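Work through the exercises below with the sequence and the structure side by side, and try each task before reading its solution.

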Amino acid sequence: SKREIKMRKLDSTKVRPLKSEQLLHIEDHDFALRPGFGGSPIPVGIDVQVESIDSISEVDMDFTMTLYLRHYWKDERLSFRSNKNKSMTFDGRLIKKIWVPDVFFVHSKRSFIHDTTVENIMLRVYPDGNVLFSLRITVSAMCFMDFSRFPLDTQNCSLELESYAYNEDDLMLYWKHGNKSLSTDEHISLSQFFIEEFSASSGLAFYSSTGWYNRLFINFALRRHIFFFVLQSYFPAMLMVMLSWVSFWIDRRAVPARVSLGITTVLTMSTIMTGVSASMPQVSYIKAVDVYLWISFLFVFLSVIEYAAVNYLTTIEERKQLKKRGKASGMYSMDAVQAMAFDGCFHDTDVDMDLTPFPEPCEENETRTSQTNISNADTPRLRRKRSLKGNVGRIILQNNHVIDTYSRIIFPSVYIVFNFFYWGLYM
C-alpha cells in the first residue's frame, strides 16, 4: 500500500543500495567467501609495472620501489547484463564490499597505497564476471646483500608476492602474461647503480602450520657505479702511497722531514678508511675496498718503518766511524755531512773539522766569526755557500743509504703488481 511505501522511505535505519551495487547483486551474495568456495582453487593472475626504484640502502639492506600492482580473476557473482558488453569501472569505495585477493609483500618493512588526490585504487568489472583490480603502491623490502666485492659488486634483489590467508588449495597465484607480465619505465635510473635486468619468476613457499603457498618474484640485478668510489677512495689512497715514496728521495739525515711526511700519510690513510667504513654496515667479513685500503695502508706504514731502519743503521755506522777516527785527546774529526747532522751548518767536504763532544751552536760560531776581520770571513764561507746549490744533489746521492736505493725500486714495483692483481681479480 501507499502507506507502507511511505513508511519505508521514512525508515532511516535502512540505506538503499547504490545503483551499481544493485546491478552487481552485491547484497545477494556473501563476499566473505572466495569465488568457487569448496571447489578448485581460484586462479589469480598478476602483472606489475615498475614505476621507479626510489632508493637502495646498504646500511639498512633494503630498497624502496613504486609500482602498479594489477590482479585478474573471475567472480561470477559480479556478472551483469550489458547490451553493449562494456565494463564498469569503480574506485576504492566498492573494494570493501566484495572479495579481493589478499596479496602481501614478503619481507616488506613498510608500504602504503598512494592517496593523493584520492586513493590510487581502480576496480573494473566485466559483464562475464572478470575483474581487474589495480593499486599504486610504494613498498620498502629487504634485500639480502653480499658486500664481499664492494664496491665492485652486483646485488641481486627481489620483491616477493604471496597470499596471506589462502594456500594453494584455495588460491593459485600466477603471472598473467608469463615473462611479459613485468614491465618497467624506460627512464628508471639510480645514482649509484646500473639496472642490469628485470625478470619475473614463481615458486612455492612452505609454512609448517598452514601449508604450501604460491609465491611470485620480481627479480632485478643492480651493478654499482665504480667511478664515485675511484674518486673518493681508490685515487686518494694511491696518491697517499705514492706520496710516502717521496721519503726515499729525501736525505736520510733530514729526520724531521721524513718523519713528518710518514706520519702525515699514515693519518690520511686512516681518515680515508674511517670514512669508507662509516657509510657501510658493520659486516663480519672483509670487503674488496677493505683489502685495497689495508694494503695501501701497509705500504705507507712500511715506508715509515723503512726510514726507522735507515736511521738506525746510519747511527750505528757513524758511531763505528767515529770510534775508528778517534784521537788520543778525545777529539773527533768528521766530514762535512756528519758535521751538518750535528750542528745544522754546512761545511766544505774538503775541510776536516775538529769538534768537541759538546759542539757549540751555529749562532755562536757565526757571532764569533763576525767579530773577526770581515775580509777573512768573506773568502771561504761565501765560496762554500755559492757552491752549495750545485752540490746539494751530489751530497744527497752520495749519502743515500742502500736501503733507500732498493726501496725506490721495490716499493713501486710491488704496488703496481698488487694493483694489476687486485683489479684483475675483482673486475
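Helices here are DSSP runs of H or I with at least four residues, and strands are runs of E with at least two. The model is a predicted one.

**Exercise 1.** Determine what secondary structure the chain adopts over residues 291-310, and how far apart the end C-alpha atoms lie.

*Solution.* Begin with the record: the unreviewed UniProt entry annotates residues 226-247, 259-279, 291-310 and 409-426 as "transmembrane region". Over residues 291-310 the chain is 100% helix and 0% strand, with the end C-alpha atoms 28 Å apart. Turning next to residues 259-279, one finds 95% helix and 0% strand, and a separation of 31 Å between the end C-alpha atoms.

**Exercise 2.** Decide how helix 5 and helix 9 are oriented relative to each other, and what kinds of residues form their contact.

*Solution.* The axes of helix 5 (residues 288-324) and helix 9 (residues 402-426) come within 12 Å and cross at roughly 175°. Because angles over 145 degrees count as roughly antiparallel, helix 5 is roughly antiparallel to helix 9. The residues of this contact comprise 18 nonpolar, four polar and two charged ones.

**Exercise 3.** Establish whether Asp62 is buried or exposed, and describe its surroundings.

*Solution.* First locate Asp62, which lies in strand 2 (residues 62-74). Its relative accessible area is 5%, and therefore Asp62 is buried, since the cut-off for that term is under 20%. Leaving aside residues up to four places away in sequence, Asp62 touches several residues, among them Ser55, Arg110, Met142 and Cys143. Lys109 is also one of the residues touched, and the side chains of Asp62 and Lys109 make a polar contact at 3.4 Å.

Definitions and conventions: Residues numbered from 1 in each chain as written. Predicted model: local features only at pLDDT ≥ 70, side-chain atom pairs only at ≥ 80, totals over all residues. Heavy atoms only, no water. Buried < 20%, exposed > 50% of the residue type's maximum accessible area, 1.4 Å probe, protein only. Polar contact = N/O pair within 3.5 Å; in protein donor to acceptor, adjacent residues only side chain to side chain. Contact = heavy atoms within 4.5 Å. Axes fitted to C-alpha atoms, helices over the stretch in contact; angles between N-to-C directions. Parallel < 35°, antiparallel > 145°, perpendicular 65-115°, else oblique. Nonpolar A, V, L, I, M, F, W, Y, C, P; charged D, E, K, R; others polar. UniProt positions renumbered as here; feature names shortened; annotations may be inferred.
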